[in-house]
Amino acid sequence: MQFQKAELVISAPDRRSWPDTHLPEIVLAGRSNVGKSSFINAMCGRKKLAYVGSTPGKTRLLNFFNLDDRYMLVDVPGYGYANISKQQLLQFGRMMEEYFNEREQKKGAVILVDARHMPSEDDHTMLEYIRYFQLPIIIVATKIDKVSKSRRAHQLSLIRKDLQLQDGEQLYPFSSATKEGEEAIWQAMKTILEA
Ligand code: GTP
Ligand code: MG
């Protein structure tokens, strides 16, 4: 989708830095390297809104992106890379809990998984975590361009089964390379944001 304005408002370590806005928010979470920054850029029609890098960002911050003063995307740091310290893990947990417990603007979440692989233990944990807060959830299977056309339907159904997706938890294939899925996912996100 094209926005007049798409900007990073703040990278917040804790609630004192959360933006003082009342825009509806949707949280984006996914394993490190799943393609989350690419997803944000593609979905917002920007090239460099979110950082696409080869080294996983070690910063454990929530990034708040303001889209046309209508919506806020909240980017959660990628999880699941190996050399995270216990200290960082604790801080990540605290930051998430603070957000999910206290942020009233939150409307739902997008969880990104890699279309090529079965969801990881961390993906399961994140899904369970967000289910607990009873928020609407969209699952996005990224890098679908890397899965051959003949295997896609099967691969998606394996992922759906593995995550035991419930009614209302939709799985959408997506590629930031081809933009496949972009419109359907925006529709789903808008439905959540405007509910
Ligand atoms: P971290 O922030 O480092 O945890 O990663 P991230 O989840 O933000 O992933 P990022 O968008 O940086 O992408 C990681 C790598 O996957 C990059 O090399 C991207 O170019 C590549 N990538 C992301 N999305 C796609 C996609 O849809 N298709 C293909 N083929 N490659 C992708
Ligand atoms: Mg990233």
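Which residue follows helix 4, and what is the sign of its phi? Helix 4 is followed by Gln164, whose phi is positive, near 45°; helices (H or I, at least four residues) and strands (E, at least two) are DSSP runs numbered from the N terminus.

The model is predicted, so that local features need pLDDT of at least 70 and side-chain atom pairs count only at pLDDT 80 or more, while totals for chains, interfaces and linings use all residues. Residues are numbered from 1 along each chain as its sequence is written, and chains are lettered from A and ligands numbered from 1 in the order in which they are written.

**Overall form**

The protein holds five helices and seven strands, which run β-β-α-β-β-α-β-α-β-α-β-α from the N terminus on. Its radius of gyration, taken over C-alpha atoms, is 16 Å, which agrees with the value near 16 Å for a compact globule of 195 residues, the globule rule being 2.2 Å times the number of residues to the power 0.38. Along the principal axes, the C-alpha atoms fill a box of roughly 50 × 40 × 35 Å.

**Burial and core**

A residue is buried if 20 or more other C-beta atoms, placed from the backbone, lie within 10 Å of its own, exposed if 12 or fewer, and partly exposed in between. Buried residues make up 35% of the 195 residues, whereas in helix 4 the count of buried residues is one among its 14 residues. This helix, residues 149-162, reaches 20 Å from its first C-alpha to its last, close to the 20 Å expected at 1.5 Å a residue, where the expected span is 1.5 Å times one less than the number of residues.

The largest nonpolar core has 47 residues, and Ile111 and Val140 have the most contacts inside it; such a core is a set of buried Ala, Val, Leu, Ile, Met, Phe, Trp, Tyr and Cys residues joined through C-beta atoms within 7 Å. Val9, found in strand 1 (residues 6-12), is partly exposed, because 16 other C-beta atoms lie within 10 Å. The table lists the contacts of Ile111 and Val9, leaving aside residues up to four places away in sequence, a contact being a pair of C-beta atoms, placed from the backbone, within 7 Å.

| Residue | Contacts (C-beta atoms within 7 Å) |
|---|---|
| Ile111 | Ala29, Gly30, Asp123, Met126, Leu127, Ile130, Ile137, Ile139 |
| Val9 | Pro19, Phe64, Phe65, Asn66 |

**Ligand 1**

Of the 20 residues around ligand 1, Ser32, Gly35, Ser37, Ser38 and Gly78 come nearest.

Conventions. Two residues are in contact if their C-beta atoms, placed from the backbone, lie within 7 Å. A residue is near a molecule or strand if its C-beta atom, placed from the backbone, lies within 6 Å of it.
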